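Dear colleague,

I am passing on the structure we spoke about, and would be glad if you could look through it before reading my notes.

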Amino acid sequence: MNQGVRKARARPLPEKTSAFAAQWLFVSLCASIGFETLFFYTGIGNAFTVPKAVALLLGAAVVIPQICLVLARPQLSRPMRLLLVLAGFQIAVVAFSTLRSISPAVSFWGGDWRRMGWIAQCAMLAIAVSVPLAVDSDWRRWKRLLQFIAIAGIISAGYGILQWMDWDPFLPGNMRQKIIAEFAGVYRSSGTIGQPAYFANYLLYPFFSALALVVLEKGASRILNICGIAVIAAGIGFTGSRNGMLGCAAGVAAFAVFALLRRRSPGLVLGLVLALLLCVVVVERSTVGASVSTPSNASGSMRALDFLRFRLASAGTDSASIGRMVLWSDVVSQILPNVWLSGTGPGMFRVAFTRFRSNNYSTFDPDVHWENAHNLFLDRLTEQGIPGLLAILFLIAAFVLNVSISIRLADNRSAYAVAAIGSGMVAVLVSHSFIGELIPTTFYFYLWVAISFASRQCAEKVKSPQAPAHKKSLSPRIVLAASLVVSVTLIWYAERNWRSESMLRAGEDAVNSGSLNGLLNARSEAERSMPFVGTYHLEFARLLATYLGRPHPSLDGNSRRRIAGEGIASASWALQRTDRPMLALQDMILLADMSGDSRFEGWIQDLRKMDPYWYRPHEMAARLMLRQRKYADALREATIARELSPFTPSTIEVWKQLLAIQGSE
């Protein structure tokens with residue numbers, strides 16, 4: 001009797017229940033992908049960074065309990081077990097580099113801009129793990145996932161095209177002028193991602209999803225997907241990002257080589273050619289008003305094709321290209337010898353760059369503080385060390401293995417679709433050779449790897465078998481309770497990010513309106529919401545310095561010193577808990593100077609030691625010595641500042657002033 005009860009309790013989940021769970025997981029997965037791709041919010045200062053981080057955390061919070069329930073009972077397929085091992089290894093590598101990080105707190109919670117700490121990495125990998133479980137060895141569901149990715153990409157690319165045409169219903173008009181100034185007089189679409197180069201990299205995923213659908217679909221559906229490819233290709237072109245265009249060309253070439261070698265479906269190759277021709281026509285016929293400052297564009301507008309030619313012709317000669325080459329040289333020769341084993345820790349590349357960089361940036365960007373190595377493999381190597389590089393190489397190797405097996409076992413159309421996915425990885429890796437990682441791009445990279453595992457399960461027709469009756473499995477209630485704790489934690493952290501960012505916007509509004517109480521209240525709330533890292537402590541130190549830098553007749557000396565003290569306290573707290581410690585120290589110096597705090601002279605020396613090739617501490621030291629009438633020492637510091645930043649007006653001004661004083665003596 002007892003044996004019968006035990007067998008009944010060990011009975012696997014009914015097939016209908018399992019299928020229903022997989023279906024709901026698929027819906028949740030698609031919702032997470034769409035939210036991550038399309039969500040941004042202009043009501044806060046970081047209109048893209050924080051919304052993407054929040055979307056990721058909420059998406060993971062939704063899928064993790066479902067993943068745990070699906071994994072609680074079944075015996076896993078071989079591809080699924082391999083994916084879990086690789087994901088676990090990646091999480092362990094990030095944990096190792098976090099523990100040995102320059103700032104473990106920043107590496108765990110996430111840095112100021114990218115927010116790609118240990119928590120974010122775990123969230124992205126959790127969503128990726130859900131892909132094979134949600135697809136459930138069903139080619140139709142695999143195709144629907146690609147359809148959803150393609151549709152999200154078409155929407156995002158369409159928005160980028162509207163941006164290019166100077167019609168943006170979301171971003172304020174002054175943002176366009178800031179983007180034009182940032183990119184040397186050219187407007188470049190950033191779509192729903194927020195930065196043109198990363199936007200172009202993201203668009204490669206829906207481009208090759210649509211290409212896979214071209215070979216899977218027939219009739220009107222195929223034509224619609226060809227039109228979708230044209231829209232996405234135009235979106236990539238309007239970013240003006242050479243990494244995206246080069247990656248797209250490499251991926252299409254890889255697919256064309258596969259099609260020519262296979263020689264089974266000439267109609268599919270013809271469809272590809274027609275799609276590419278349509279892309280060229282759309283891009284060539286698009287007329288834009290881009291305010292491009294080039295000799296060939298005196299009228300202020302140019303055709304999109306001319307713009308692309310201009311971007312491609314300047315490859316290797318403009319400041320962005322030169323800057324990357326100098327950066328890569330520094331990474332290999334200056335940074336990696338110091339961090340090769342465990343890395344700097346996630347999000348801490350900028351600190352290592354400050355410590356170890358060379359003096360080769362003065363002629364084109366003396367204020368540069370690179371936030372990543374702008375190359376996927378160098379990113380992983382510098383931030384996560386040798387284990388991090390191995391982890392991503394293992395993922396790529398598994399992807400190649402999965403695609404090879406899927407092509408060999410699948411029918412002809414499905415094989416072409418899988419080949420399109422493989423070509424997409426070629427495109428992404430080429431593109432990622434020139435840019436670093438953001439949450440959306442890394443999110444899709446992991447997703448793409450997981451899609452290859454799902455295709456392999458479909459090709460092998462592997463249904464996850466149920467656990468044998470004699471094997472014990474965890475209680476679903478225990479698994480569900482543990483996963484719900486994780487989900488609630490992720491939701492809580494997402495809310496903390498959102499609240500702090502909202503308070504930052506409130507603080508900026510208070511500075512603009514001259515409301516000191518509003519600024520101090522917003523500061524207190526933001527710092528209380530995010531006490532783990534110095535992100536918002538640093539931001540409010542800057543706001544307090546900005547407030548004191550404006551005329552406020554009602555403030556007496558004591559009030560100014562009190563406000564400056566608040567800012568110094570925030571910046572000092574952030575000094576070891578941010579990936580921008582040089583800016584925290586700079587704010588401390590400015591606030592101390594405003595309030596007559598004698599510590600600022602020592603902090604100038606600290607900043608010179610922290611960032612010896614940044615001109616600002618040398619300029620600050622020169623101005624201090626000028627006030628102290630130490631003219632010879634001041635001229636020496638001013639000369640160094642001018643050599644580090646020869647075209648900055650402030651450095652030239654103080655240098656000439658000291659030369660005049662020396663000449664008059």
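Below is what was found in it, beginning with the nonpolar cores and ending with a pair of helices.

Please keep in mind throughout that this is a predicted model. Its largest nonpolar core has 174 residues, and those with the most contacts inside it are Val-131, Trp-142, Leu-145, Phe-445 and Ile-451. Helix 9, which covers residues 196–216, supplies the largest share of this core, namely 17 residues. Apart from this core lies another one, of ten residues, which includes Ala-622, Met-625, Ala-634 and Leu-658.

To see the surroundings of one residue in the largest core, you might turn to Leu-145, which, if its neighbours within four places in sequence are left aside, is in contact with Phe-26, Leu-29, Cys-30, Ile-33, Val-131, Val-135 and Ile-451. Of these, Cys-30 has a relative accessible area of 8% and is therefore buried, since buried means under 20%. Cys-248, at 13% relative accessibility, counts as buried too, and the structure holds zero disulfides.

The helix pair is formed by helix 25 (residues 615–627) and helix 26 (residues 631–644), which pack at an angle of about 155° with their axes 8 Å apart. Because angles over 145 degrees count as roughly antiparallel, that is how helix 25 and helix 26 lie to each other, and helix 25 passes helix 26 in a left-handed crossing. Among the residues that meet there are Tyr-615, His-618, Ala-622 and Met-625 in helix 25, and Tyr-631, Ala-634, Ile-640 and Leu-644 in helix 26.

With best wishes

Terms used: Residues are numbered from 1 along each chain as its sequence is written. This is a predicted model: local features need pLDDT of at least 70, side-chain atom pairs count only at pLDDT 80 or more; totals for chains, interfaces and linings use all residues. Side-chain values use heavy atoms; hydrogens and water are left out. A nonpolar core is a set of buried Ala, Val, Leu, Ile, Met, Phe, Trp, Tyr and Cys residues joined through side-chain atoms within 4.5 Å. Buried means under 20% relative accessible area, exposed over 50%, partly exposed in between (1.4 Å probe, protein chains only). Helices (H or I, at least four residues) and strands (E, at least two) are DSSP runs, numbered from the N terminus. Contact means heavy atoms within 4.5 Å. A disulfide is a pair of cysteine sulfur atoms within 2.5 Å. Axes are lines fitted to C-alpha atoms, for helices over the stretch in contact, and angles run from 0 to 180 degrees between N-to-C directions. Angles under 35 degrees count as roughly parallel, over 145 as roughly antiparallel, 65 to 115 as roughly perpendicular and the rest as oblique. A crossing is left-handed if the near helix is turned anticlockwise from the far one by less than a right angle, and right-handed if clockwise.
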